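Me: I am new to this structure and should be grateful for a close look at a single part of it. Please begin at one residue in a loop, and then set that part in the context of the rest of the chain.

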Amino acid sequence: KWLRPYLVIRRASAPPPAHRPAPSLAACGEAMNPLGAVSLAAVLASLAGTVRQRGLEPTIEEFGGRHAGVGVYVMLPLDVVHANGTFKDMSKLRYQLGELRGAGVDGFMVDVWWGITEVQSKRYDFEPYKELAALAEEHGLKVQLVASFHQCGGNVNDDCNIPLPEFVLSGTKQDIWFRDRANKVNREYISLFADSVTLDDGRTPLEMYSDWLVALGEALRYYFSKHIIVEVQVGLGPAGEWRYPSYSASNGWKYPGVGEFQVYDKYALESWRSIDHANDSWPDPPQDTGDILYNSRPWDTLFFTKGYASPYGMAFLKWYSHELYEHGRKVLWLARKALPKSKLAAKVAGVHWYYGHASHAAELTAGYYNIDGRDDPYREFAKIAKQEDVALDFTCLEMRDGQEPEKNAVNRPEKLVQQVIQATREERTEFHGENALPFEDAASYEQVLKVKEDMSDFTFLRLNDKLLQKQLFDDFKDFVARMHR
């Protein structure tokens, strides 16, 4: 697994991060060369010496990389491809990509929307994304794809409306959506409790995801083979993140509300009621999570002050988080099977508000059971990712503890980021990073640079006109250069 499809050269002064140790050539030979480790090492050493003697030292770029540091990618606008499959502004995009290439970025990330590419069941159209990959090749850029099985719209900073495929939305089975305690429905992503429910076209959601990923690999085979497409981030929930839609703006959430548990759909209730409870008198999922739907504070609720630590609360939270883990495990297994040779990633959300409160309330509603004395949920995510040879991507790297004190959110993003990094170190899982919100200030750049040594890739949110303004773009160029060192 340590051998990549192409060789990456690193300077001696920039060793791999501690949680991704590079094995010796001998170790690689023992694992993979039937002729023996010494033979493989000798061949490679001899080849390297010959190349140097002839003055043919290869450039890093010839081997698929351009530097010894962290890869930097830029997210394209969510609506770079319209819901009808046309481009928003191709001439402008060409110009912007040229500017990004001049700034030294490695490539861009783009959402490949399920709602655009499978308008009719089992009929796939990836043509706009072929054009984007060709454009990347033309500009000497790499591409990170996001397998976006969620809708665009309804989350913070969403500026588009791309729903799920109509054949899913209008199906006869309408119990497949997440519901909160007020029975509000969320159609951003199919409820993970309905993963194995057969829908109108004869397939389960898991089968739909698998078929789509296979079709993606076939349609873009050339660009995968040429290492133009270098990663597929597999969508596992709302906003493509491995979580429940607990803080959906479309349902009324505002920062820093604790959010709502998403377990009141038919299949979620069946799952909760089917487990062997220690106490038969335990009620259905908790109702005492605050008087203000989505926007309560933990100290104003019974559940997030006492209930979460009760036997009932612990049983519920263990089940709730376990179901989230298993959903991700299943989808990632299918993704690895569909794209066996591709680099894959999974994204975990940076739910940093109330990290400093004993209950970690906002994390709990998102499915992250991060309580002192419990198993680390981020290590469980990292463990599952490692098992499927998937990188773990995490957000909010630009944030600092105690930002916006007037919000009284007890937010601790720096401590949260360190917890996740430590989890990936312990599980030897590759770590990628993103910023959670757009920024342009020097302090946020510096914050990201603090954890540079722990990352292999960083994806910057997001490409827009403002980023390319001279002073702001000069700052961004400097950031890219420092990440590459």
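**A buried residue in a loop**

Reply: Cys 396 has a relative accessible area of 0%, and it is therefore buried. The model in which this is seen is a predicted one. Cys 396 belongs to the loop that runs between strand E8 (390-394) and H13. Its backbone deserves attention: phi of Cys 396 is near 65 degrees, a positive value in a residue other than glycine. As a general matter, most residues other than glycine have a negative phi, and most peptide bonds are trans.

The two elements that flank this loop lead to other parts of the model. On one side is strand E8, residues 390-394. Phe 394 is one of the residues that touch the most other members of the largest nonpolar core, together with Leu 145, Trp 242 and Phe 476. That core has 140 residues, and helix H10 (residues 311-338) supplies the largest share of it, 12 residues. For Leu 145, the contacts beyond its neighbours within four places in sequence include Val 110, Leu 216, Phe 224 and Ile 229.

On the other side of the loop is helix H13 (413-427), which is among the elements against which the buried residues of helix H14 pack; the others are strand E10 (457-460) and helix H15 (470-484). The buried residues of H14 (residues 442-450) are Ser 444, Tyr 445, Gln 447, Val 448 and Leu 449. In the same general stretch of the account comes Phe 431, in strand E9 (residues 431-434). Phe 431 has 0% relative accessibility and so counts as buried. Its C-alpha atom is separated by 5.2 Å from that of Met 455, although the two residues are 24 apart along the chain. Between E10 and H15 there is a loop that holds Arg 462, and the peptide bond from Leu 461 to Arg 462 is cis, with omega near 10 degrees.

Other loops may be set beside that of Cys 396. His 227, in the loop between helix H8 (221-225) and E6, has a positive phi, near 60 degrees. At 24% relative accessibility His 227 is partly exposed, because buried requires a value under 20%. Pro 256 lies in the loop between strand E6 (229-234) and H9, and a cis peptide bond with omega of about 5 degrees joins Tyr 255 to Pro 256.

Helix H9 (residues 266-274) packs with H10 at an angle of about 125 degrees, their axes being 11 Å apart. The two helices are therefore oblique to each other, and their crossing is right-handed. Ala 268, Ser 271 and Trp 272 of H9 meet Tyr 312, Ala 315, Phe 316, Trp 319 and Glu 323 of H10. By class, the residues of this contact are six nonpolar, one polar and one charged.

To close with the whole chain, its secondary structure comprises 15 helices and 10 strands. Of its 485 residues, 55% count as buried. Among contacts with a separation of 6 or more, 76% come from residues 24 or more positions apart.

Note on methods. Residues numbered from 1 in each chain as written. Predicted model: local features only at pLDDT ≥ 70, side-chain atom pairs only at ≥ 80, totals over all residues. Heavy atoms only, no water. Core = buried A, V, L, I, M, F, W, Y, C linked by side-chain atoms within 4.5 Å. Buried < 20%, exposed > 50% of the residue type's maximum accessible area, 1.4 Å probe, protein only. Helix = DSSP H or I, 4+ residues; strand = E, 2+ residues; numbered from the N terminus. Contact = heavy atoms within 4.5 Å. Axes fitted to C-alpha atoms, helices over the stretch in contact; angles between N-to-C directions. Parallel < 35°, antiparallel > 145°, perpendicular 65-115°, else oblique. Left-handed = near helix turned anticlockwise from the far one by under 90°. Nonpolar A, V, L, I, M, F, W, Y, C, P; charged D, E, K, R; others polar.
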